[in-house]
Amino acid sequence: MAYRDIRDFIGLLKKKGLIRYVKTEVDPELEITEINDRFVKNGGEALFFENCKGAQFPCVVNLFGTFERMCLALEVERLDDIGTEILEFLEPEIPTNLISKLRALPKLKRLADFLPKYVKTGPCKDVVITENPSLSIFPILKTWPSDGGRFVTLPMVFTKDPETGERNCGMYRMHVYDECTTGMHWHMHKDGARHYRKAEQLGKPLEVAVVIGADPAVMYSSTAPLPEGIDEMLFAGFLRKSAVELVKCETVELEVPANAEIVLEGYVNPFERRVEGPFGDHTGYYSMKDDFPVFHITCITHRKDAIYPATIVGKPPMEDCFIAKATERIFLPLLRKQLPEVVDMNLPLEGVFHNIALVSIDKRYPGHARRIMYALWGMGQMSFTKMIVIVDKWVDVQNTSEVVWRIGNNVDPKRDVVILEGPLDVLEHASAITAYGGKLGIDATKKLPSEGFHREWPPDITMDETIIKLVTEKWKDYGF
């Protein structure tokens, strides 16, 4: 059964002993961050702070901060299984006769069952505040000492394309300026920013609804790198195997999950900017001040006993690393569909999603490693990757120690290193130009004679299988 809301998920974590409840008063300014950091760095539980200083509602953090909780959130044994199931839907058999057409109907019906459903009301409407809506009632965190203020860190930001009406839901941090105004941290590459640019061209405000707290599938879907035009609420329905129920907002023409905890309604004016940041970011560095659009709140709705969820980013590993690893595993089958020679991929936690990709391939011809590099640099979110390392199919890319060993032994820097320029993530601070700079590719595969390598390539050192078996059988006889 799909989680109805974030409460169902929290209830499961409680049942499994994977969440701790803190009754002592805690300060949303820095104190919660320090507690959370100690837990997440040690694989600790989620944390539910019942008594947050200066706020009317509790705060929950670190909900997805382990692989176990990430799997529980998406209701799977293995994250890889989701990608396999996605491929099943993307590869329908072409019906050639009446019988095959009938066989295809159940799959089509299941897909239709995932479409969002519209309802008249929901728990998110328990309390409706249209007069003097204020963010001060929520335990919004200031996470690091040099942050520019408090930030909403798990907002699901709903917008619609001003021309087509196409819906988008993305997760973009929000710098709280005052009780009813925040920044809207739309990076230039994001769909929310695309909607805003269109609104600016039309010279009109863009309506926005921000959801804080929903069922795990909706929360994850707002972070997923979906192709343009794919509705995140449809994807959430696919993940949860049940349609997301949406309800119309009070003051804007948008729909939001009916079982949400908190909804902020409002608008962003064209050409209005305000300094946003600094913010201690997932890179482990502060992202510095810059001008961003301004979100004006016209209405707040929430459950009468709302729960405020937040995430805390910083030097990895942090909770967001596990969300990113879920994306790696879920979308790997789709990547392999386009590049079937790819065996596995690892976006290591230390690479903070967009800095490093380790990829193993079934190398078949000269220049194959470079072809994969160039192909990845031309694909969606992978196009922002700063460094790509290619290794052979027998290398375990999940073992970063082995990958570094292969780099040290297999690479001639003069021959095997590629340096070029291209788009980078907006949070990349080492490049001289924002969102643009150098990229590094390393071919750490075994070199072929057809690549001009005519020396003998040495084999790996491995023990004889018969000796391995012998020692295994005699292990206890040795007195070990």
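Biologist: Which residue stands opposite Phe151 in strand 9?

Modeller: His175 does. Bear in mind that this model is predicted. The pair belongs to a ladder: strand 6 (residues 151-152) joins strand 9 through two bridges, and the two run antiparallel.

Biologist: How many bridges pair strand 9 with strand 10, and in which sense?

Modeller: Two bridges, in the antiparallel sense. Strand 10 covers residues 181-183. Look for Val176, which faces Thr182 of strand 10. The link between strand 9 and strand 10 is a hairpin of two residues.

Biologist: Is strand 9 largely enclosed or not, and why?

Modeller: Buried here means under 20% relative accessible area. Strand 9 spans residues 174-178, and four of its five residues are buried, so the rest of the structure largely encloses it.

Biologist: And side chains along a strand? How should I read them?

Modeller: In a regular strand, they alternate between the two faces of the sheet.

Biologist: What is the strand order in the open sheet of five strands?

Modeller: The order is 19-20-21-23-22, and the pairing is mixed. To find the edges, look for strands with a single partner. Here these are strand 19 (342-346) and strand 22 (417-423), so each has one side without a neighbour in the sheet. From one strand to the next, the twist averages 20°.

Biologist: What joins strand 19 to strand 20?

Modeller: Four bridges, with the strands antiparallel. Strand 20 takes in residues 356-361. One pair to pick out is Met345 with Val359 in strand 20.

Biologist: Now the interior. Which residues have the most contacts inside the largest nonpolar core?

Modeller: A core is a set of buried nonpolar residues joined through side-chain atoms within 4.5 Å. The largest one here has 58 residues, and Leu63, Met70, Tyr220 and Phe235 have the most contacts inside it. Take Met70. Leaving out residues up to four places away in sequence, Met70 touches Phe64, Leu79, Tyr220, Phe322, Ile323 and Ala326. Another core, of 40 residues, lies apart from the largest one; Val26, Val208, Ile297 and Ile312 are among its members.

Biologist: How many cavities of 30 Å³ or more does the structure hold?

Modeller: Five. The largest cavity has a volume of about 60 Å³. Its lining includes Phe64, Met70, Tyr220 and Ile323. Leu154, Met171 and Thr223 are also among the lining residues.

Biologist: Which helix gives the largest share of that lining?

Modeller: Helix 7, with three residues. Helix 3 (67-74) and helix 7 (216-221) each supply at least two.

Technical notes
Residues are numbered from 1 along each chain as its sequence is written. This is a predicted model: local features need pLDDT of at least 70, side-chain atom pairs count only at pLDDT 80 or more; totals for chains, interfaces and linings use all residues. Side-chain values use heavy atoms; hydrogens and water are left out. Buried means under 20% relative accessible area, exposed over 50%, partly exposed in between (1.4 Å probe, protein chains only). Two strands pair if DSSP finds at least two bridges between them. Axes are lines fitted to C-alpha atoms, for helices over the stretch in contact, and angles run from 0 to 180 degrees between N-to-C directions. Contact means heavy atoms within 4.5 Å. On a 1 Å grid over the protein atoms alone, a cavity is a set of points where a 1.4 Å probe fits but cannot get out, and a pocket is an open set with protein on both sides within 12 Å along at least five of seven lines; lining residues have an atom within 4 Å of a point. Grid points are joined across faces, edges and corners, and a volume is the space filled by probe spheres set on the points.
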